[in-house]
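Here is a friendly look at charged side chains and the partners they find. Please have your viewer ready.

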Amino acid sequence: MKRAGFTLVELLIALSIFALLAGGGVVLMRQTLDGHEIAARRLERVGELQRARALLQTDLSQIARRRTRGVDGTLSVDAFFGSETGQGTPLMAFVRRGWENVDGDARPSLQYVEYHVVEGRLERRYRPLLDGAALSTPQVVLTEADNLRLAYLNKEQWIANWRNALRDGQPRAVRLEASLPGLGQVRMEFLTPGLEP
């Protein structure tokens, strides 16, 4: 009479098959979690880019022709200032219309805005008042923006800097190019009111 049961070899084979299935399940679960993490980071990056695009579009579409005075009272040379890379200067500086005043503060609807590149970040600052006020704390618009460059449309030609030669005028459009990790090379163009000098 033979007893019912498993031999040691059968038990080892069953344990080996279970270990292979469990290992495969762990690998599959890890890959799923990694994929989810990568997708979440990419979505966050795309969201940051969309918010930056909306903010730049809002600012640049409402440029006003108005020069301002700095904290020391000196009159700015340009109503719109723009450089290609912002090395040692603002990337852009201008006055914009349409600053909402939901709190009813004693201030104008015009707002002085500066964009700077600081350690690979695109930052936005503004003054609470147009003349004589200090800049606000920076608002980070884009992070990890490598090789960030701007160009300005003057009539039909893109130029690297918007300076004194075009006093009080504004570019017709602004082009931003940057290399963003996870998204690659990005190029955005923004129309302005385009008041010629």
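What follows is a short report on salt bridges and on the exposure of the residues that form them.

This is a predicted model, in which local features need pLDDT of at least 70, side-chain atom pairs count only at pLDDT 80 or more, and totals for chains, interfaces and linings use all residues. Residues are numbered from 1 along each chain as its sequence is written, and side-chain values use heavy atoms, with hydrogens and water left out.

Side chains of opposite charge can pair when their charged atoms come close. The structure holds 13 salt bridges, a salt bridge being a side-chain nitrogen of Lys or Arg within 4 Å of a carboxyl oxygen of Asp or Glu. The table lists some of them.

| Basic residue | Acidic residue | N to O distance |
|---|---|---|
| Arginine 125 | Glutamate 123 | 3.8 Å |
| Arginine 175 | Glutamate 177 | 3.7 Å |
| Arginine 187 | Glutamate 177 | 3.7 Å |

Glutamate 177 pairs with arginine 187. Arginine 187 sits in strand S10 (residues 184-191) and glutamate 177 in strand S9 (residues 173-180), so their contact ties together parts that are ten residues apart in sequence. Strands here are DSSP runs (E, at least two residues), numbered from the N terminus.

For exposure, buried means under 20% relative accessible area, exposed over 50%, and partly exposed in between (1.4 Å probe, protein chains only). Arginine 187 is exposed at 52%, glutamate 177 is partly exposed at 26%, and arginine 175 is buried at 16%.

Elsewhere, Glu119, Arg121, Glu123 and Arg125 are linked in a network of salt bridges. Within this group, glutamate 123 is buried at 4% relative accessibility, while arginine 125 is partly exposed at 23%.

Key
Helix = DSSP H or I, 4+ residues; strand = E, 2+ residues; numbered from the N terminus.
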